Amino acid sequence: MIHISHLTKTFCSASALSNVNLEIPDNAIFGLLGTNGAGKSTLLRILAGILNADSGEIFIDGEKLTDTSKVRQMIFYLSDDQYYFPGATPQTMLFFYEKMYPGFDRERFLKLLSDFQLDSTKKLHTFSKGMKKQVFLIAGICCNAPILLCDEVFDGLDPVVRQSVKNLLQNELRCRPFTPVIASHNLSELEGLCQHIGILHRGGILLSREITALEYGVHKFQCVFSSDEREFLFHALTILRYEQRGFLTTMLVRGDFSEIQTILASRSPVCYESLPLSLEEIFIYETERIGYDIKELIY
């Protein structure tokens, strides 16, 4: 587990992180959400050892993270902009990472490059941004470090490659101890991928929850009534969000699923159905509940 305690970082007079407290569980994909400037990249760079915090502590599996700590080899950092030696090829980076990470899997690295149709002998500066990200993500997977820090990993990837990257991360999670931390400003990119989500806002953690805990007890229903049932519904149900267009009513409701169904059926609707909740809808409720507009946080 990654345990972050009272982490603070300022640049001149600007506060990038302010008293951040966060726990990132092992063997789960953690999504770190926030707008540009929220402090996501700063937090990842401190975890990776690129920046030093002004104050606060980080522990990985109970061991304090320091400049000389052995746990540094447990971490691979994939930045939003990739850095490499002048004239380097993917093969050049293979030689470099083999020295940095004793468990680097050379054969798998070359195979994955081939699977993603990336030429191992072509100079990296000729690659597109998305292709560079693929190369370094593959390196991050093949170094076999248990912690992978990804900053906007899906930026610049087309939809097909984006899904392939998601599959790669999920498959890796099933095969070995592996904790990817994915920072993004786009909630939809993390839909169906992360088991845990945290929102970073103005340098502080606003919310950190397990997805299943967020979903628990919240249900979405779509109904058609022959008369106006709004007053009754608000009296009988705990309605979090309510939208009516003509005869069609869509609600986000907290409570027992069977009880909600019974109450809806008692009004003899023309029809009603339960719909799957999106991650966005869950977060709209959670952030509004504590007084924030999600559009100001992650869009």
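**A four-stranded sheet and a helix pair**

Four strands build an open sheet, ordered β12-β13-β11-β14, with antiparallel pairing. The model is predicted. Strands β12 (238–245) and β14 (271–275) form the edges. Each has a single partner strand, so one side of each lacks a neighbour in the sheet. On average, neighbouring strands are turned by 20 degrees against each other, with direction ignored.

The pairing of β14 was examined further. Its partner is strand β11 (residues 218–224), and the two pair in the antiparallel sense over five bridges. Within this pairing, Val 224 stands opposite Cys 271 of β14. A helix also packs on the sheet: α8, residues 257–265. Helix α8 touches β11, β13 (248–254) and β14. The direction of α8 makes about 15 degrees with that of β11.

A separate description covers two packed helices. Such a pair is described by the angle between the axes and the distance between them. Helix α4 spans residues 129–142, and helix α5 spans residues 159–175. They pack at an angle of about 5 degrees. Their axes lie 11 Å apart. Angles under 35 degrees count as roughly parallel; α4 and α5 are therefore roughly parallel to each other. On the α4 side, the contact is made by Gln 134, Leu 137 and Ile 141. Helix α5 contributes Val 161, Val 165, Leu 168, Leu 169 and Glu 172. By class, the contact of α4 with α5 has six nonpolar residues, one polar and one charged.

Terms used: Residues are numbered from 1 along each chain as its sequence is written. This is a predicted model: local features need pLDDT of at least 70, side-chain atom pairs count only at pLDDT 80 or more; totals for chains, interfaces and linings use all residues. Side-chain values use heavy atoms; hydrogens and water are left out. Axes are lines fitted to C-alpha atoms, for helices over the stretch in contact, and angles run from 0 to 180 degrees between N-to-C directions. Angles under 35 degrees count as roughly parallel, over 145 as roughly antiparallel, 65 to 115 as roughly perpendicular and the rest as oblique. Contact means heavy atoms within 4.5 Å. Ala, Val, Leu, Ile, Met, Phe, Trp, Tyr, Cys and Pro count as nonpolar, Asp, Glu, Lys and Arg as charged, and the others, Gly among them, as polar. Two strands pair if DSSP finds at least two bridges between them.
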